[in-house]
Structure formats: structure tokens, C-alpha cells
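Biologist: I would like to learn how to read a model like this one, starting from a single residue and working outwards. Where do we begin?

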Amino acid sequence: MDIKHYYIEKGNGEPLILLHGNGENCNYFQGQIDGFSQMYHVYAIDTRGHGKTPRGDKPFTIRQFADDLLGFMDEHQIEKAHLLGFSDGGNIAMIFAVKYPDRVNRLILNGANLNPAGVKRSTQIPIEIGYKIAKRFAKKSDSVRLNAEMLGLMVNDPNVEPEELAKIKSKTLVIAGTRDMIKEEHTRLIASSIPGSELVFLNGNHFIASKHPEDFNRAVLFFLESR
């Protein structure tokens, strides 16, 4: 590993790893960590180049982040964990579950997408414009280059085929907001492509975990505790 992840650790029990979205850090889950840690050993980690985790030298891609997660789990001797990923964190968790199905206990995908076409155009168009501008000036400074890389994740990644999701062995919850920036039909496609998955829509936008933590936590814990 060319990086050391910054992370918040709390609680005891089965490992539950929380993966934040693009441009965020582990503090996104401040409404979840205390509640989940009452029953689980929670690890909320900063992804490569996010928060307090360094950028490192390896590629800045969702697939690299999934491999970084494997390295984190190996380093901390976590053989198998529940994964909860939000947005790009959901994409990381999804790819990880496809590549390393035996390392995942239960899987929660919140606001994930298979490809950029899954994002509503009203959200995606400004991202694509911002990416083109940032990419043009990426050589000006490290901060501009990192901004271009962040936007590039939402323009060029994750590109997962629905058929690949059949490799996921974990019991899975797909969860999104009723006014999410991810198209509803796209969220439904993800759910229908994962064998035996459950699908829940909560009232709210893309950021239901932070804006409606009680509703979100209740749905996640009900799923984790169900047989």
C-alpha cells in the first residue's frame, strides 16, 4: 500500500465499514457512527485523496479505491465485513463485492450508479462542464489537478455492467432517496441485477443519511439485523 487510510473506529461486534462519497470524508457519517457502533465495530474511512488520507501515486479510480479497501481490511485483519457505501462510496462497495465477494458479509448501496448515464442530466451536465475546465488547468497546481481527478470520477467511472452484479454473493440492500440525483430506474436496475437484493426508497434527496439519519439508520439496522 502506498497510502495509510485515516479512519474513525468505534464500537465492538461484527465489522461495519462506512464509505463516503465524492469529495467528502468520513465525517459524512456523523449521524450514523454513534448509533451503529452500539451493535457493530464501525470503521469510517477516508478514501484515497479524500479528507486526511493522502493521494498517493496509484490511479485515482473507483477500482483502485476498491483495492485500497482490500488493503485496509488486510492491514486491520478484517476477514469479512458489512459494507455501507454512499454515492461513490457505494460504487466502491459494489465493485469490491464483485471482485472480492467472499470478503463481504452484508452490503448496503446508497445512491450508487453503474455509470454516468445513471445520474440525472440536470446534475451531470454541470459536472461534465466543470471537469473539462478543471482538466484544462490541471497542471497549474496540485489542488486543481485533484479537483479534476475528483470530477473525473463522476465522468469516467465506475462503468459496471448490470450482468457483473450477479457475482455479488452478499445479502444486499439498495437504498436511495425519492428525489435522488440518481435516476429511479437506474437504482431499480441495480437492485434487480443483484440476486435477492432488497430495495428501499426513503423520502428525501441524495443525502438521506445526513439529512434524515433516523429514517436511514432505522432502515439499515432493520436490514442488518434481519435473518
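Modeller: Begin with Thr 187, which sits in helix H6, residues 184-193. Keep in mind that the model is predicted.

Biologist: Is Thr 187 buried or exposed?

Modeller: Burial is read from the relative accessible area, and under 20% counts as buried. Thr 187 has 3%, so it is buried.

Biologist: Which residues does Thr 187 touch, leaving aside those up to four places away in sequence?

Modeller: Its contacts are Val 174, Ala 176, Ile 182, Leu 199 and Phe 201. Strand S6 covers residues 171-177, and strand S7 covers 198-202. Val 174 and Ala 176 therefore fall within the S6 range, while Leu 199 and Phe 201 fall within that of S7.

Biologist: How do strands S6 and S7 run relative to each other, and how many bridges join them?

Modeller: They run parallel, with 5 bridges between them. As one example of a bridge, Gly 177 is partnered with Leu 202 in S7.

Biologist: What is the strand order in the whole sheet?

Modeller: To read a sheet, follow the pairing from one strand to the next. Here 7 strands give the order S1-S3-S2-S4-S5-S6-S7, in an open sheet with mixed pairing. Strand S1 (7-10) and strand S7 are the edges, each pairing on one side only. On average, neighbouring strands are turned by 15 degrees against each other, direction ignored.

Biologist: Now a helix. How many residues does H4 have, and how far does it reach?

Modeller: A helix can be checked by comparing its span with the expected one. Helix H4, residues 121-136, has 16 residues and reaches 22 Å from its first C-alpha to its last, close to the 22 Å expected at 1.5 Å a residue.

Biologist: Which residues of H4 are buried, and which are exposed on the other side?

Modeller: Gln 124, Ile 127, Tyr 131 and Ala 134 are buried. Seen down the axis, the buried residues of H4 fall within an arc of 95 degrees, so they line one face of the helix. On the other side, Ser 122, Lys 132 and Arg 136 are exposed. Helix H5 (142-156) is included in what covers the buried residues of H4.

Biologist: And the chain overall: how many helices and strands does it have?

Modeller: The protein chain has 8 helices and 7 strands. Its radius of gyration is 16 Å, close to the 17 Å that the globule rule gives for 227 residues, so the chain is as compact as a globular protein of that length. Of those 227 residues, 54% count as buried.

Methods. Residues are numbered from 1 along each chain as its sequence is written. This is a predicted model: local features need pLDDT of at least 70, side-chain atom pairs count only at pLDDT 80 or more; totals for chains, interfaces and linings use all residues. Side-chain values use heavy atoms; hydrogens and water are left out. Two strands pair if DSSP finds at least two bridges between them. Helices (H or I, at least four residues) and strands (E, at least two) are DSSP runs, numbered from the N terminus. Axes are lines fitted to C-alpha atoms, for helices over the stretch in contact, and angles run from 0 to 180 degrees between N-to-C directions. Buried means under 20% relative accessible area, exposed over 50%, partly exposed in between (1.4 Å probe, protein chains only). Contact means heavy atoms within 4.5 Å. The expected span of a helix is 1.5 Å times one less than its number of residues. The arc is that of the directions from the helix axis to the C-beta atoms. The radius of gyration is taken over C-alpha atoms; the globule rule is 2.2 Å times the number of residues to the power 0.38.
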